[in-house]
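Thanks for sharing this one. Here are my notes, set out as numbered points so that you can follow them with the model open beside you.

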Amino acid sequence: MLNIAFPKGRLGERVRKLFADAGYIFPGLENPERKLIFNNDLNNMRCFRVKPFDVPVYVERGAADIGVAGRDVLLERNPDVYELMDLNTGLCKMAVAALNNFHDNPEKVLRVATEFPEIAKNYYASLGRDIDIICLRGSVEIAPVLGLSDVIVDIVETGSTLKANNLKVISVISELSARLIANKSAYKFKNDLINQIMKGLNTNS
């Protein structure tokens, strides 16, 4: 049986539709309520729903053979997995944003509020910039407004939340989308089935 880790939430619904369009349907997944595991007996597959940040953990450690994770999660966690393909859904970007009147003073340590400390650290290290990372869990946009930080590093989709809080994107770190990933051992021993899934997803993407 092939085990597949799906992310919960909006991305998970998009992924479910991609798999369904490719012919891989998991009965009940469209209306999961509290259920977490779903079988596809026809194709000898099983999928389960976990939080997006946990998908690479399940795949890397072999509880899942393949999974779907956002590029943001992969950049933050840097798991030891194969990144097989870009599913071209969940499109957005990881960006640095600040108040509209922000002016950087390179002589001062830059205060960065983010849910993605590794991404922020790696980005500013590449620039040789000294930073103070402030880890938050949600609503990071208000950090500069309240004077907690100078900038934020966060996912930007439409930019409407930034605009509503008088913020603007000042640099883009990476373009983001959902990626199909695989456990390295599973990819070796279940290669035919995984490649079959990739072909189906690619045809319908």
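1. Let me begin with a sheet. In this predicted model, 6 strands make up an open sheet with mixed pairing, and their order is S2-S3-S1-S4-S11-S5. Strand S2 (37-40) and strand S5 (82-86) are the edge strands, each of them pairing on one side only. Ignoring direction, neighbouring strands of this sheet are turned by 25 degrees against each other on average.

2. For a closer look at one pairing here, take strand S1 (residues 2-7) and strand S3 (residues 45-50), which run in the parallel sense and share 6 bridges. A handy place to check the register is Leu2, which stands opposite Met45 in S3.

3. Next, a helix packed on these strands. H1 lies across S1, strand S4 (66-70) and strand S11 (178-182). Relative to S1, H1 runs at about 135 degrees. Please keep H1 in mind, as we come back to this helix in point 8.

4. There is a second open sheet to consider, with 5 strands in the order S8-S7-S9-S6-S10 and, again, mixed pairing. Its edges are strand S8 (131-135) and strand S10 (167-176), each paired on one side only. From one strand to the next, the twist averages 25 degrees.

5. Within that sheet, strand S6 (residues 92-99) pairs with S9 in the antiparallel sense, over 6 bridges. Here Val96 is the residue to find: Val153 in S9 stands opposite Val96.

6. The helix to view with these strands is H4 (residues 117-127), which lies across S6, strand S7 (110-114), S8, S9 and S10. The angle between H4 and S8 is about 170 degrees.

7. How does the chain divide into domains? The domain assignment gives domain 1 (2-90 + 177-204) and domain 2 (92-175). Taken over C-alpha atoms, the centres of domain 1 and domain 2 are separated by 30 Å. Their contact draws 10 residues from domain 1 and 10 residues from domain 2.

8. Now for the largest pocket, whose volume is about 880 Å³. Its lining counts 33 residues, and those nearest the centre are Arg10, Asp72, Cys92, Ile155 and Glu157. Elements that give two or more residues to this lining are helix H1 (9-21), helix H3 (71-77), strand S9 (151-156) and helix H6 (160-164). H1 gives the most, with 4 residues.

9. What is the make-up of the lining of the largest pocket by class? It has 13 nonpolar, 10 polar and 10 charged residues.

10. Finally, where does the largest pocket lie with respect to domain 1 and domain 2? Both domains give residues to its lining, so the pocket lies between them. I would suggest showing domain 1 (2-90 + 177-204) and domain 2 (92-175) in two colours when you look at this part of the model.

Definitions and conventions
Residues are numbered from 1 along each chain as its sequence is written. This is a predicted model: local features need pLDDT of at least 70, side-chain atom pairs count only at pLDDT 80 or more; totals for chains, interfaces and linings use all residues. Side-chain values use heavy atoms; hydrogens and water are left out. On a 1 Å grid over the protein atoms alone, a cavity is a set of points where a 1.4 Å probe fits but cannot get out, and a pocket is an open set with protein on both sides within 12 Å along at least five of seven lines; lining residues have an atom within 4 Å of a point. Grid points are joined across faces, edges and corners, and a volume is the space filled by probe spheres set on the points. Ala, Val, Leu, Ile, Met, Phe, Trp, Tyr, Cys and Pro count as nonpolar, Asp, Glu, Lys and Arg as charged, and the others, Gly among them, as polar. Domain bounds come from an automatic or database domain assignment. Two strands pair if DSSP finds at least two bridges between them. Axes are lines fitted to C-alpha atoms, for helices over the stretch in contact, and angles run from 0 to 180 degrees between N-to-C directions. Contact means heavy atoms within 4.5 Å.
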